[in-house]
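Reader: I have a chain to look at and some questions about it. Can we go through them one by one?

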Amino acid sequence: ADASDATKERLAPYVENVRDARDAAAKKLGELRNSGETSWESLQGEVEHVWKTFKQSVNNFKSQL
């Protein structure tokens with residue numbers, strides 16, 4: 001909130017990537033909550049990928065600060 005307009009504009013794509021990754025992670029977690037044990041095994045790889053993408057997005061954002 002305290003960043004200058006130029007800084008906000010420069011970081012906007014990174015913020016959007018973090019939000020997209022967060023939303024994807026939340027969606028997968030919702031699917032996991034509604035799935036059984038067998039589904040968990042099939043979704044596990046997808047969840048790990050989504051989590052890795054989220055962490056990369058956050059790290060990319062942090063590197064721009």
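Reader: In which helix is arginine 22 found?
Author: A word first: this is a predicted model. The chain has two helices and zero strands. Arginine 22 is found in helix 1.

Reader: Is arginine 22 buried, partly exposed or exposed?
Author: Buried means under 20% relative accessible area, and exposed means over 50%. Arginine 22 has a relative accessible area of 45%. That value makes arginine 22 partly exposed.

Reader: Which residue forms a salt bridge with arginine 22?
Author: Look for the closest N and O atoms of the pair, which are 3.1 Å apart. A salt bridge needs such atoms within 4 Å. The partner is partly exposed, at 42% relative accessibility. Arginine 22 forms this salt bridge with aspartate 23.

Reader: How far apart in space are arginine 22 and phenylalanine 54, C-alpha to C-alpha?
Author: In sequence, arginine 22 and phenylalanine 54 are 32 residues apart. In space, C-alpha to C-alpha, the value is 6.2 Å.

Reader: What share of the contacts with a separation of 6 or more comes from residues 24 or more positions apart?
Author: Contact means heavy atoms within 4.5 Å. Count the contacts in the chain with a separation of 6 or more. Residues 24 or more positions apart account for 67%.

Reader: Why is the chain said to be more spread out than a compact globule?
Author: The C-alpha atoms fill a box of roughly 50 × 15 × 15 Å along the principal axes. For 65 residues, the globule rule gives 11 Å. The chain is well over that, so it is more spread out than a compact globule: its radius of gyration is 15 Å.

Reader: What percentage of the residues count as buried?
Author: The cut-off for buried is under 20% relative accessible area. The chain has 65 residues. Of these, the buried share is 18%.

Reader: Is serine 57 buried or exposed?
Author: Serine 57 is found in helix 2, which covers residues 37-63. Leaving aside neighbours within four places in sequence, serine 57 is in contact with Asn17, Val18 and Ala21. Its relative accessibility is 11%, so serine 57 counts as buried.

Reader: How far is glutamate 16 from serine 57 in space, C-alpha to C-alpha?
Author: Glutamate 16 has its place in helix 1, residues 5-33. Glutamate 16 is partly exposed, with a relative accessible area of 40%. In sequence, glutamate 16 and serine 57 are 41 residues apart. C-alpha to C-alpha, they are apart in space by 9.2 Å.

Reader: How many salt bridges does a search of the whole structure find?
Author: One of them joins arginine 22 and aspartate 23. In another, the side chains of glutamate 31 and lysine 28 meet, at 3.2 Å from N to O. The side chains of glutamate 46 and lysine 28 also meet in a salt bridge. The search finds three.

Reader: How many residues apart are glutamate 31 and lysine 28?
Author: Glutamate 31 is partly exposed, at 29% relative accessibility. Lysine 28 is buried, with a relative accessible area of 15%. Both lie in helix 1, about one turn of the helix apart. In residues, that separation is three.

Reader: What is the N to O distance in the salt bridge of glutamate 46 and lysine 28, and how many residues apart in sequence are the parts it ties together?
Author: The side chains meet at 2.4 Å, N to O. Glutamate 46 lies in helix 2 and lysine 28 in helix 1, so the pair ties together parts of the chain whose separation in sequence is 18 residues.

Reader: Which residues are linked in a network of salt bridges?
Author: Lysine 28 meets glutamate 31 in a salt bridge. Lysine 28 meets glutamate 46 in a salt bridge too. The linked residues are Lys28, Glu31 and Glu46.

Reader: How far apart in space are glutamate 46 and asparagine 34, C-alpha to C-alpha?
Author: Glutamate 46 is partly exposed, at 38% relative accessibility. Glutamate 46 and asparagine 34 are twelve residues apart in sequence. In space, C-alpha to C-alpha, the value is 15 Å.

Reader: How far apart do the centres of the positive and negative side chains lie?
Author: The chain has 10 positive side chains and 11 negative ones. Each set has its centre, and the distance from one to the other is 4 Å.

Terms used:
Residues numbered from 1 in each chain as written. Predicted model: local features only at pLDDT ≥ 70, side-chain atom pairs only at ≥ 80, totals over all residues. Heavy atoms only, no water. Helix = DSSP H or I, 4+ residues; strand = E, 2+ residues; numbered from the N terminus. Rg over C-alpha atoms; globule rule 2.2 N^0.38 Å. Buried < 20%, exposed > 50% of the residue type's maximum accessible area, 1.4 Å probe, protein only. Lys, Arg positive; Asp, Glu negative; His and termini not counted. Charge placed at Lys NZ, Arg CZ, Asp CG, Glu CD.
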